[in-house]
Amino acid sequence: MAKIDVNPTRMELANLKKRLSLATRGHKLLKDKQDELMRQFIQLIRKNNELRNHVEEKLEKAMQSFAMAKSLLHENYIEELMAVPSRSVSLNMGRKNIMSVRVPQMNFQYEDNVADASALSYGYLNSNGELDLTFEYLIEVMPKMLELAEIEKTCQLLADEIEKTRRRVNALEYMTIPQLEETIYFIRMKLDESERAAITRLMKVKDMGQ
């Protein structure tokens with residue numbers, strides 16, 4: 001590891017000691033941040049896997065029910081039913097902070113006063129149970145799909161931050177701190193050498209005066 005190119009003086013030694021102290025503290029703080037980010041990232045990955053399995057299971061059931069309903073109902077009726085939404089829904093997008101990382105926070109906002117979000121708003125006369133099940137599955141899974149999207153985006157942002165923090169930790173651990181330590185050692189050696197040379201000169205001058 002190459003040392004820093006500085007003059008071997010006591011002032012430079014003091015400055016380098018301060019820089020080493022700051023670098024060491026910074027390394028510890030960044031390492032703690034990296035560990036906490038990793039802990040939260042692993043928790044989110046586990047939650048993401050569980051939620052994805054749940055969402056995929058519900059979507060598969062919804063598709064199976066819809067395939068059955070479509071085989072028993074007239075296609076025009078299904079198209080008419082799907083043409084106009086029965087409720088207005090908006091997506092609220094916010095932000096929250098995880099270890100200095102701003103991640104998305106999303107939720108659905110229903111723009112009416114219907115108390116039961118799962119209530120079906122079409123007539124049962126021309127419908128069948130499979131179509132009812134399709135809508136029930138989809139209504140149930142939509143908030144979970146939104147939560148899944150939120151978690152996956154959060155995981156992506158945390159992964160980017162973990163990589164940035166890892167690079168900074170490694171730069172301090174394997175480059176900055178060793179360079180400072182080696183330069184401090186070099187200056188100390190030079191100062192000790194100069195001090196020994198000065199003492200030797202004084203002793204020679206003293207001997208010459210006797």
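## A tour from the core outwards

Start by selecting Leu-37, Phe-41, Leu-44, Val-101, Ile-151, Cys-155 and Leu-158: in this predicted model, they are the residues that touch the most other members of the largest nonpolar core, which has 14 residues. Now color the elements that give two or more residues to this core: α1 (10-72), β2 (101-110) and α3 (129-209). Which element gives the largest share? That's α3, with six residues.

Why look for a group like this at all? In soluble globular proteins, nonpolar side chains tend to be buried together, so a core is a handy place to begin.

Next, click on Leu-44 and show what surrounds it. If you skip the neighbours within four places in sequence, Leu-44 is in contact with Ile-151, Thr-154, Cys-155 and Leu-158.

Now for a second stop. Select Leu-16, Ala-23, Val-169 and Ile-184: they are among the 13 residues of another core, which lies apart from the one you just visited.

Time to zoom out and switch to a cartoon view. You should find three helices and two strands. Trace the chain from the N terminus and the elements come in the order α-α-β-β-α.

Keep the whole protein in view for the last stop. How many of its contacts reach far along the chain? Take the contacts between residues at least 6 apart in sequence: 76% of them join residues at least 24 apart.

Finally, turn on the surface. The accessible surface comes to about 14500 Å², and 55% of that belongs to carbon and sulfur atoms. As for what's hidden underneath, buried residues make up 27% of the 210 residues.

How values were computed: Residues are numbered from 1 along each chain as its sequence is written. This is a predicted model: local features need pLDDT of at least 70, side-chain atom pairs count only at pLDDT 80 or more; totals for chains, interfaces and linings use all residues. Side-chain values use heavy atoms; hydrogens and water are left out. Helices (H or I, at least four residues) and strands (E, at least two) are DSSP runs, numbered from the N terminus. Buried means under 20% relative accessible area, exposed over 50%, partly exposed in between (1.4 Å probe, protein chains only). Contact means heavy atoms within 4.5 Å. Accessible areas come from the Shrake-Rupley method with a 1.4 Å probe; for residues, only the protein chains shown count as cover. A nonpolar core is a set of buried Ala, Val, Leu, Ile, Met, Phe, Trp, Tyr and Cys residues joined through side-chain atoms within 4.5 Å.
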